Amino acid sequence: MTGNLAPWPLLDLDVAKIRAGGIKPTPLQQFILKVHSRCNLSCSYCYVYEMADQGWRGLPKRMSRATADATVERIAEHAGKHGLASLEVILHGGEPLLAGAEWLTELVKSLHTHVPTRVNVSLQTNGTLLDRPMLQALKRLGIRVGVSLDGDAAATGRHRRYVNGRNSFDDVAEGLSLLDSPEFREIYSGILCAIDVHNDPLATYEALLTFNPPALDLLLPHANWSCPPPGSGYAHWLISVFERWYSAPEQQTWIRLFAELIQLVLGQPGAVEGLGLLPSTLVVVETDGSIKQLDSLSSTYPGAADTGLHVGTDTFDAALDHPTTVARQIGVNALSPQCERCSVMEICGGGLYPHRYRSGEGFRNPSVYCDDLMRLIRHVSDRVLSDVAQLSTARFPR
Ligand code: SF4
């Protein structure tokens with residue numbers, strides 16, 4: 001084992017002891033299928049192509065029909081064995097629309113035919129290939145569509161460009177306008193924006209609002225202690241957007257990060273990976289059928305997302321006892337001593353798992369965004385709890 005792998009959890013987490021202690025595995029419920037491994041954009045921050053793990057180079061471009069069938073069979077087996085009431089399948093890439101409407105149709109029909117539970121299918125796209133025929137096919141299949149965009153033309157042009165350097169903004173804007181039209185609005189799930197602190201937060205938010213997204217995901221750039229974040233001031237950036245969103249007379253969109261934080265501040269369990277302490281139920285299947293961990297682990301070191309398992313030979317249950325899956329499911333037991341003592345630990349949960357990585361140690365560290373998370377959580381908490389206190393004083397005066 002070389003120095004940049006992860007002694008924790010790969011060597012030091014005692015899975016047998018965890019199980020003997022009564023912590024059972026949680027069945028997987030979110031299946032990310034990488035249906036096409038290539039992309040028609042060349043985004044500078046992409047964790048698939050531009051970061052530590054260059055494993056994509058050896059992958060088939062499109063998932064073969066045989067691999068797709070084996071994947072559906074494994075999902076069906078997992079859903080049946082664990083009696084899942086519903087599950088999510090997220091079509092991803094590369095760029096998943098490069099797989100083509102016909103191929104996607106066959107896959108989704110097969111999922112609905114063979115999986116013995118409700119399957120909610122969504123797709124995350126760069127938005128450049130969203131023309132009317134493609135959207136009509138996605139609508140027929142009931143696939144909900146999320147689009148990645150970083151803000152206005154200047155913000156998007158910083159990173160989201162074609163190989164020849166051309167900004168993708170105009171093409172994405174065209175696709176988003178069509179997706180937001182009455183014909184397709186029902187399958188529009190939202191916009192995913194990777195934060196760049198060089199872009200003005202409010203201008204970014206306003207630019208994204210022009211596309212009327214039902215939901216907005218604001219993502220911290222993938223970084224860790226051995227590959228620090230680009231720039232600083234993430235808490236300030238997020239608090240600016242939070243204040244604009246929270247103070248608006250009417251809610252203009254649903255910002256998942258803030259909605260989740262409010263829920264956690266009010267003592268409710270969180271639902272997304274990267275906040276709170278609930279077990280992760282997400283797994284990835286590559287175009288070659290290999291079963292992988294959280295995709296963004298590719299940003300830490302080559303092979304970090306590998307499990308050594310394959311849909312042709314292994315069940316998804318086999319992935320549940322992999323040390324990395326266990327680490328992502330055991331909540332506070334996976335946290336560093338600093339996180340264990342932290343006053344906002346139950347809300348933060350140590351941050352997104354890949355952001356905890358340090359070369360030579362692994363993943364038992366606070367998030368590289370620890371200071372920003374702490375400031376953001378305290379701000380949201382103060383704001384929400386003071387409003388709740390005011391509200392109860394107004395309704396129940398002493
Ligand atoms: S704020 Fe920092 S110390 Fe606290 S739980 Fe989050 S990452 Fe850990």
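Two helices count as roughly perpendicular when the angle between them is 65 to 115 degrees. Keep that range in mind as we begin our walk through this structure, which is a predicted model.

Our starting point is a pair of helices, α9 (residues 234-246) and α10 (residues 256-265), whose axes lie 11 Å apart and pack at an angle of about 80°. That angle falls in the range just given, so α9 and α10 are roughly perpendicular to each other. Where they meet, α9 brings Leu-238, Val-241, Phe-242, Trp-245 and Tyr-246, while α10 brings Leu-257, Phe-258, Ala-259 and Ile-262. Sorted by class, this contact of α9 with α10 holds nine nonpolar residues, with no polar and no charged ones. Several of these residues also belong together in another way: Phe-242, Trp-245, Tyr-246 and Phe-258 form one aromatic cluster.

From here we can step into the interior. The largest nonpolar core has 90 residues, and the members that touch the most others are Leu-91, Leu-138, Leu-179, Leu-218 and Phe-258. Helix α9 gives the most to this core, with eight residues. You have already met Phe-258 where α10 meets α9. Leu-91 is worth a look too: leaving aside its neighbours within four places in sequence, Leu-91 has contacts that include Leu-33, Val-35, Pro-96, Leu-104, Leu-107, Val-108 and Ile-143. Ser-122 and Gln-124 are also among the residues in contact with Leu-91. There is a second, separate core as well, made of 22 residues, including Ile-32, Leu-294, Ala-305 and Tyr-357.

Tyr-357 leads us to the aromatic rings. A pair of aromatic rings is described by the distance of the centres and the angle of the planes. The structure holds ten aromatic pairs. In one of them, Tyr-353 and Phe-363 are stacked, at 4.5 Å centre to centre and with 10° between the planes. Both partners sit in the loop between α14 (345-348) and α15 (370-395), ten residues apart. Tyr-353 and Phe-363 are both buried. Phe-363 also pairs with Tyr-357: here the ring centres are 5.1 Å apart and the planes stand at 45°, so this pair is tilted. Tyr-357, like Phe-363, is buried.

Next, let us visit a histidine. His-159 is found in helix α6 (residues 153-159). Is His-159 buried or exposed? Residues under 20% relative accessible area count as buried, and His-159 is at 17%, so it counts as buried. Setting aside neighbours within four places in sequence, His-159 is in contact with Ser-42, Cys-43, Ser-44, Tyr-45, Asp-150 and Asp-196.

Our last stops concern the backbone. Most residues other than glycine have a negative phi, and most peptide bonds are trans. Which residues are joined by a cis peptide bond with omega of about 15°? They are Trp-8 and Pro-9, and Pro-9 lies in helix α1 (residues 7-10). Another cis peptide bond joins Gly-93 and Gly-94, with omega of about 20°. Gly-94 is found in the loop between β2 (86-92) and α4 (101-114). Finally, Asn-212 has a positive phi of about 55°, although it is not a glycine. Asn-212 lies in the loop between α8 (201-209) and β6 (215-219), and its relative accessible area of 36% makes it partly exposed.

Terms used: Residues are numbered from 1 along each chain as its sequence is written. This is a predicted model: local features need pLDDT of at least 70, side-chain atom pairs count only at pLDDT 80 or more; totals for chains, interfaces and linings use all residues. Side-chain values use heavy atoms; hydrogens and water are left out. Axes are lines fitted to C-alpha atoms, for helices over the stretch in contact, and angles run from 0 to 180 degrees between N-to-C directions. Helices (H or I, at least four residues) and strands (E, at least two) are DSSP runs, numbered from the N terminus. Angles under 35 degrees count as roughly parallel, over 145 as roughly antiparallel, 65 to 115 as roughly perpendicular and the rest as oblique. Contact means heavy atoms within 4.5 Å. Ala, Val, Leu, Ile, Met, Phe, Trp, Tyr, Cys and Pro count as nonpolar, Asp, Glu, Lys and Arg as charged, and the others, Gly among them, as polar. A nonpolar core is a set of buried Ala, Val, Leu, Ile, Met, Phe, Trp, Tyr and Cys residues joined through side-chain atoms within 4.5 Å. Buried means under 20% relative accessible area, exposed over 50%, partly exposed in between (1.4 Å probe, protein chains only). Rings of Phe, Tyr and Trp (its six-membered ring) pair if their centres lie within 6.5 Å; planes under 30 degrees apart count as stacked, over 60 as edge-to-face and the rest as tilted.
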